[in-house]
Amino acid sequence: MTSLEIEKRIGLSTGKSCRLIPIRRDLIPNYYVLVFPKEHGEPRPEEVTEMLQLGIDYAQQLASEVLGDSEAFTILYSGYSARRESGWHVHIVLLGNRWRKAWLYSVLAGKNLLQAVGIRKDDAPRI
């Protein structure tokens with residue numbers, strides 16, 4: 001098992017921590033989530049800013065290690081009303097080329113369509 005396959009705990013300047021978790025999905029390869037644990041509640045604004053910067057930093061590092069290009073990634077963040085899972089998190093997807101980015105958006109569109117029609121679990125608030 002490589003370091004890219006192991007969950008990593010990352011300390012924040014506030015003393016709280018977050019986790020970088022590799023997600024194993026056949027449809028979306030090279031996928032990671034940076035998670036602010038639910039037991040910490042909602043992050044404070046400075047923790048949100050720090051986690052977004054950490055997400056970018058780790059995305060660049062992972063893209064460099066995996067793909068040889070530190071800019072071959074996408075970061076996704078969904079606010080509370082737009083996300084399926086409760087808890088604050090940042091998605092990191094290593095891409096490599098435009099076709100993989102197109103594939104990612106196709107998978108996301110399908111997933112969100114299934115949630116919208118009620119076939120897939122969705123705990124986001126109804127507005």
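Is His-89 buried or exposed? In this predicted model, His-89 is buried, since its relative accessible area of 11% falls under the 20% limit set for that class. The residue belongs to strand β5, which spans residues 88-94, and its side chain is joined to that of His-91 by a polar contact of 3.3 Å. His-91 is likewise a residue of strand β5 and, with a relative accessibility of 16%, counts as buried. Beyond the residues up to four places away in sequence, the contacts of His-91 are with Tyr-31, Tyr-32 and Val-33, and also with Thr-74, Ile-75 and Leu-76.

The setting of the two histidines can be described through the strand that carries them. Strand β5 is mostly covered, seven of its seven residues being buried. In a regular strand, side chains alternate between the two faces of the sheet. In β5, Trp-88, Val-90, Ile-92 and Leu-94 point one way, whereas His-89, His-91 and Val-93 point the other way, and all of these residues are buried. On one side of the pairing pattern, strand β3 (residues 31-36) and β5 run in the antiparallel sense and are paired over six bridges, with Phe-36 standing opposite Trp-88. Strand β4 is also paired with β5 in the antiparallel sense, here over five bridges, and Phe-73 has Leu-94 of β5 as its bridge partner.

Aromatic pairing was also examined, and the count comes to one aromatic pair. This pair is formed by Tyr-77 and Trp-88, whose rings are tilted, with 5.1 Å from centre to centre and 40° between the planes. Because Tyr-77 lies in strand β4 (residues 73-77) and Trp-88 in strand β5, the pair ties together parts that are eleven residues apart in sequence. The two partners fall into separate accessibility classes: Tyr-77 is partly exposed, with a relative accessible area of 37%, while Trp-88, at 3% relative accessibility, counts as buried.

Nonpolar side chains tend to be buried together in soluble globular proteins. In the present model, the largest nonpolar core has 18 residues, and those with the most contacts inside it are Leu-20 and Leu-34. Two or more residues are given to this core by each of β2, β3, α1 (45-67) and β5, and the largest share, six residues, comes from α1. Leu-20 touches a set of residues that includes Ile-6, Ile-10, Leu-34, Tyr-58, Leu-62 and Ile-92, residues up to four places away in sequence being left out of the list. A second, separate core of ten residues includes Ile-21, Tyr-31, Val-33 and Val-93. Of the residues named in that second core, Tyr-31 and Val-33 are also among the contacts of His-91, and Val-93 points from β5 the way that His-89 and His-91 do.

A backbone feature was noted in the loop between β2 (17-23) and β3, where Asn-30 is located. Most residues other than glycine have a negative phi. Asn-30, although it is not a glycine, has a positive phi of about 55°. With a relative accessible area of 25%, Asn-30 is partly exposed, because this value lies between the limits of 20% and 50% that bound that class.

Definitions and conventions
Residues are numbered from 1 along each chain as its sequence is written. This is a predicted model: local features need pLDDT of at least 70, side-chain atom pairs count only at pLDDT 80 or more; totals for chains, interfaces and linings use all residues. Side-chain values use heavy atoms; hydrogens and water are left out. Helices (H or I, at least four residues) and strands (E, at least two) are DSSP runs, numbered from the N terminus. Buried means under 20% relative accessible area, exposed over 50%, partly exposed in between (1.4 Å probe, protein chains only). A polar contact is a pair of N or O atoms within 3.5 Å; within protein, one must be able to donate a hydrogen and the other to accept it, and residues adjacent in sequence count only if both atoms are side-chain atoms. Contact means heavy atoms within 4.5 Å. Rings of Phe, Tyr and Trp (its six-membered ring) pair if their centres lie within 6.5 Å; planes under 30 degrees apart count as stacked, over 60 as edge-to-face and the rest as tilted. Two strands pair if DSSP finds at least two bridges between them. A nonpolar core is a set of buried Ala, Val, Leu, Ile, Met, Phe, Trp, Tyr and Cys residues joined through side-chain atoms within 4.5 Å.
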